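This briefing covers helix packing, salt bridges and surface character for the model shown below. Please read it alongside the coordinates.

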Amino acid sequence: MLWTQRGWLKWQTLFGRERAAEQLDDELQFHLDQQIAENVAAGMNEEEARYAAMRLFGNATLLKEETRDAWG
């Protein structure tokens with residue numbers, strides 16, 4: 001059974017890269033938005049909250065590349 005799951009995941013990775021990339025973008029944006037909301041709730045204005053969240057989050061392009069590398 002495990003080999004069928006692995007085969008399915010590999011098939012999805014090979015043929016679903018565009019969809020997976022969109023999901024990754026959505027996931028990263030969700031986490032960034034959540035951090036911004038937390039910063040605003042802590043008393044920061046919108047601009048400060050976004051800047052602080054982006055600093056905390058780090059380089060989004062690098063995160064995407066590392067994630068894609070992990071996919072294989």
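In this predicted model, the axes of helix 2 and helix 4 cross at roughly 135 degrees and come within 11 Å. Angles over 145 degrees would count as roughly antiparallel and those from 65 to 115 as roughly perpendicular, so helix 2 is oblique to helix 4. The crossing of helix 2 and helix 4 is right-handed.

**Helix 2 and helix 4**
- On the helix 2 side, the contact is made by Arg17, Ala20, Ala21, Leu24, Asp25 and Leu28.
- Helix 4 contributes Ala60, Lys64, Thr67, Arg68 and Trp71 to this contact.

**Salt bridges**
- The count of salt bridges comes to 2.
- One salt bridge joins the side chains of Asp25 and Lys64, with an N to O distance of 2.9 Å.
- This pair links distant parts of the chain, since Asp25 lies in helix 2 and Lys64 in helix 4 (residues 60-71), 39 residues apart.
- Asp25 and Lys64 are also both among the residues that make the contact of helix 2 with helix 4.

**Helix 2 and helix 3**
- Helix 2 (residues 17-41) packs with helix 3 (residues 46-57) at an angle of about 130 degrees, and their axes are 8 Å apart.
- Helix 2 and helix 3 are therefore oblique to each other.
- This crossing, too, is right-handed.
- From helix 2, the contact is made by Leu28, His31, Leu32, Gln35, Ile36, Asn39 and Val40.
- From helix 3, the residues in contact include Glu46, Ala49, Arg50, Met54 and Phe57.
- Leu28 of helix 2 takes part in the contact with helix 3 and in the contact with helix 4.

**Surface**
- Trp8, Leu9, Trp11, Leu14 and Phe15 make a nonpolar surface patch of about 640 Å².
- Leu9, one of these patch residues, is placed in helix 1 (residues 2-15).

Technical notes
Residues are numbered from 1 along each chain as its sequence is written. This is a predicted model: local features need pLDDT of at least 70, side-chain atom pairs count only at pLDDT 80 or more; totals for chains, interfaces and linings use all residues. Side-chain values use heavy atoms; hydrogens and water are left out. Patches are made of residues with over 30% relative accessible area and no salt bridge: like charges are joined within 9 Å, nonpolar side chains (Val, Leu, Ile, Met, Phe, Trp, Tyr) within 5 Å. Accessible areas come from the Shrake-Rupley method with a 1.4 Å probe; for residues, only the protein chains shown count as cover. A salt bridge is a side-chain nitrogen of Lys or Arg within 4 Å of a carboxyl oxygen of Asp or Glu. Helices (H or I, at least four residues) and strands (E, at least two) are DSSP runs, numbered from the N terminus. Axes are lines fitted to C-alpha atoms, for helices over the stretch in contact, and angles run from 0 to 180 degrees between N-to-C directions. Angles under 35 degrees count as roughly parallel, over 145 as roughly antiparallel, 65 to 115 as roughly perpendicular and the rest as oblique. A crossing is left-handed if the near helix is turned anticlockwise from the far one by less than a right angle, and right-handed if clockwise. Contact means heavy atoms within 4.5 Å.
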